[in-house]
Amino acid sequence: MKQKMVKTMFFLSMLLLVSLCGACEKPVPQYTTPTTSPPQDAAVPGGERKIKVGFLMDTLEEERWLKDKRMFKEAVEEIGAEVEIMVANGDEVLQIIQAETLIKQGVDVLVMVPYNAEAAGAIVQKAHLAGIKVISYDRLVKNAEIDLYVSFDNEEVGELQAKALTALVPKGKYVYIGGADTDYNAHLLKKGVFNVLKPLIDKGDIKIVYDQWTKNWIPINAYSNMEAALQANNYEIDAVFAGNDATAEEAVKVLSRYGLAGKVPVAGQDAELAAIRRIVNGTQTMTVYKPIKSLTSAAAKAAVQMAEGENIVTERKINNGKIEVPSILLPPISVDKNNIAETVIADGFHSKEEIYHH
């Protein structure tokens with residue numbers, strides 16, 4: 001009797017084991033996005049998942065970056081994707097942590113404005129290990145296998161500045177107050193300026209009497225640079241290059257203290273509202289307008305295409321120290337008092353009322 005019961009228990013145990021193995025062999029659902037399983041809250045009609053774009057920004061300190069943030073979000077959502085935006089506030093370590101957060105969230109593509117062009121290579125590596133492609137937005141990440149660079153032609157920005165100032169002051173003492181040394185765009189800008197200046201420097205017509213970076217783009221550092229430039233040259237200079245409009249503003253403040261504002265030409269970039277007003281008032285000579293809507297649209301379109309597995313083919317490539325990076329480079333526009341209406345006003349970048357009736 002005992003033997004019969006043992007056989008029965010053995011048979012039932014085998015039956016249960018077979019049924020469990022059968023359950024193990026059921027197919028596991030497969031998702032099209034390899035980086036993560038789609039979260040429930042991202043579901044859309046038809047059972048598909050919205051593409052999710054991660055956008056890492058360095059700062060919102062300057063007016064232009066607020067525009068980038070708003071317009072990029074609008075451009076991504078218009079395509080039908082969604083975006084998660086994180087701002088590092090000029091903190092290199094925080095930007096890496098934010099990148100890790102977005103990677104863990106399972107974004108399909110990462111778009112980045114690097115705080116530090118060199119250190120950001122670590123972010124590219126982390127994203128690639130997770131199967132996520134990275135777009136360098138407006139600032140080029142150095143020495144990393146970045147997948148795409150979307151920006152304006154920053155060398156041309158410098159060339160436009162130099163052409164404007166040399167037309168007004170073909171000979172004289174020039175001051176160069178650059179941007180942050182950690183921002184590769186600041187180096188490209190400077191290269192563009194000196195592309196134009198070099199023949200004039202070689203002839204002896206122009207002399208660079210002061211040349212400094214503005215640490216971390218902090219305005220007070222630009223102010224100190226301008227003060228030092230004047231002191232070193234007995235308050236006699238003929239033209240000033242500024243890394244951007246915020247830097248130009250500090251230069252103009254110092255020049256104003258010594259009664260030189262409006263007498264010494266100053267070039268900036270970004271077409272900030274305050275800069276356009278200074279151009280109208282005659283204390284800043286020119287700025288370089290970079291239509292941000294064009295930039296955000298191009299970056300958003302490329303990001304979604306790459307997330308969907310498309311290969312982006314570009315006409316131009318920029319060497320970042322490691323590879324020739326496929327690049328979309330948009331043309332910048334020189335703005336002075338003569339073409340404000342047909343540039344920034346016509347594009348709706350600033351209104352006539354904001355500029356002239358504040």
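Both faces of strand E5 are covered, with Leu148, Val150 and Phe152 buried on one side and Tyr149 and Ser151 buried on the other. That is how things look in this model, which is a predicted one. The strand spans residues 148-152, and five of its five residues are buried. The split into two sets follows a familiar pattern: in a regular strand the side chains alternate between the two faces of the sheet.

What does E5 pair with? On one hand there is E4, which pairs with E5 in the parallel sense over three bridges. Within that pairing, Ser136 has Tyr149 of E5 as its bridge partner. On the other hand there is E12, joined to E5 by four bridges and also running parallel to it. Tyr149 turns up here too, since its bridge partner in E12 is Ser327.

Zooming out, these strands belong to an open sheet of seven, in the order E2-E1-E3-E4-E5-E12-E11, and the pairing is mixed. The edges are taken by strand E2 (82-87) and strand E11 (316-319), each of which pairs on one side only. From one strand to the next, the twist averages 30°. An antiparallel piece of the sheet sits at the E11 end, where four bridges join E11 to strand E12 (residues 324-330). There, Arg316 stands opposite Ser327 in E12. Ser327 is thus a handy residue to click on, being the E12 bridge partner of Tyr149 as well as the residue opposite Arg316.

Now for the rings. A search of the whole structure turns up eight aromatic pairs. One of them is Phe55 with Tyr137: the ring centres are 5.3 Å apart and the planes sit at 70°, so this pair counts as edge-to-face. Phe55 belongs to strand E1 (residues 52-57) and Tyr137 to strand E4 (residues 133-137), so the contact ties together parts that are 82 residues apart in sequence. Phe55 has 0% relative accessibility and counts as buried. Tyr137 is buried as well, with a relative accessible area of 0%. Tyr137 also makes an edge-to-face pair with Phe72, at 6.1 Å centre to centre and 75° between the planes. Phe72 lies in helix H2, whereas Tyr137 is in strand E4, so here the pair ties together parts 65 residues apart in sequence. Phe72 and Tyr137 are both buried. Elsewhere, ring pairs link Tyr174, Tyr176, Phe194 and Phe241 into a cluster.

What about empty space inside the model? The count comes to two cavities of 30 Å³ or more. The largest cavity holds about 140 Å³ of space. It is lined by 15 residues, and those closest to its centre are Asp183, Trp217, Gln269, Asp270 and Lys290. Helix H2 (63-79) and helix H6 (184-203) each contribute at least two residues to this lining. Helix H2 is also where Phe72, the ring partner of Tyr137, is found. By residue class, the lining of the largest cavity has three nonpolar, five polar and seven charged residues.

The second largest cavity holds about 30 Å³. Its lining is made of Glu92, Gln95, Ile96, Tyr115, Asn116, Ala119, Ala120 and Ile123. Helix H3 (residues 92-105) gives the most to that lining, with three residues. The class make-up here is five nonpolar, two polar and one charged.

Two backbone oddities round things off. Asn234 has a positive phi, near 55°, in a residue other than glycine. Asn234 sits in the loop between helix H7 (219-232) and strand E8 (239-242). Is Asn234 buried or exposed? With a relative accessible area of 56%, Asn234 is exposed, because the cut-off for that label is over 50%. Ala271 likewise has a positive phi of about 55° although it is not a glycine. Its place is the loop between strand E9 (266-267) and helix H9 (273-281). Here the accessibility goes the other way: Ala271 is at 0% relative accessibility and counts as buried.

Terms used:
Residues are numbered from 1 along each chain as its sequence is written. This is a predicted model: local features need pLDDT of at least 70, side-chain atom pairs count only at pLDDT 80 or more; totals for chains, interfaces and linings use all residues. Side-chain values use heavy atoms; hydrogens and water are left out. On a 1 Å grid over the protein atoms alone, a cavity is a set of points where a 1.4 Å probe fits but cannot get out, and a pocket is an open set with protein on both sides within 12 Å along at least five of seven lines; lining residues have an atom within 4 Å of a point. Grid points are joined across faces, edges and corners, and a volume is the space filled by probe spheres set on the points. Ala, Val, Leu, Ile, Met, Phe, Trp, Tyr, Cys and Pro count as nonpolar, Asp, Glu, Lys and Arg as charged, and the others, Gly among them, as polar. Two strands pair if DSSP finds at least two bridges between them. Axes are lines fitted to C-alpha atoms, for helices over the stretch in contact, and angles run from 0 to 180 degrees between N-to-C directions. Rings of Phe, Tyr and Trp (its six-membered ring) pair if their centres lie within 6.5 Å; planes under 30 degrees apart count as stacked, over 60 as edge-to-face and the rest as tilted. Buried means under 20% relative accessible area, exposed over 50%, partly exposed in between (1.4 Å probe, protein chains only).
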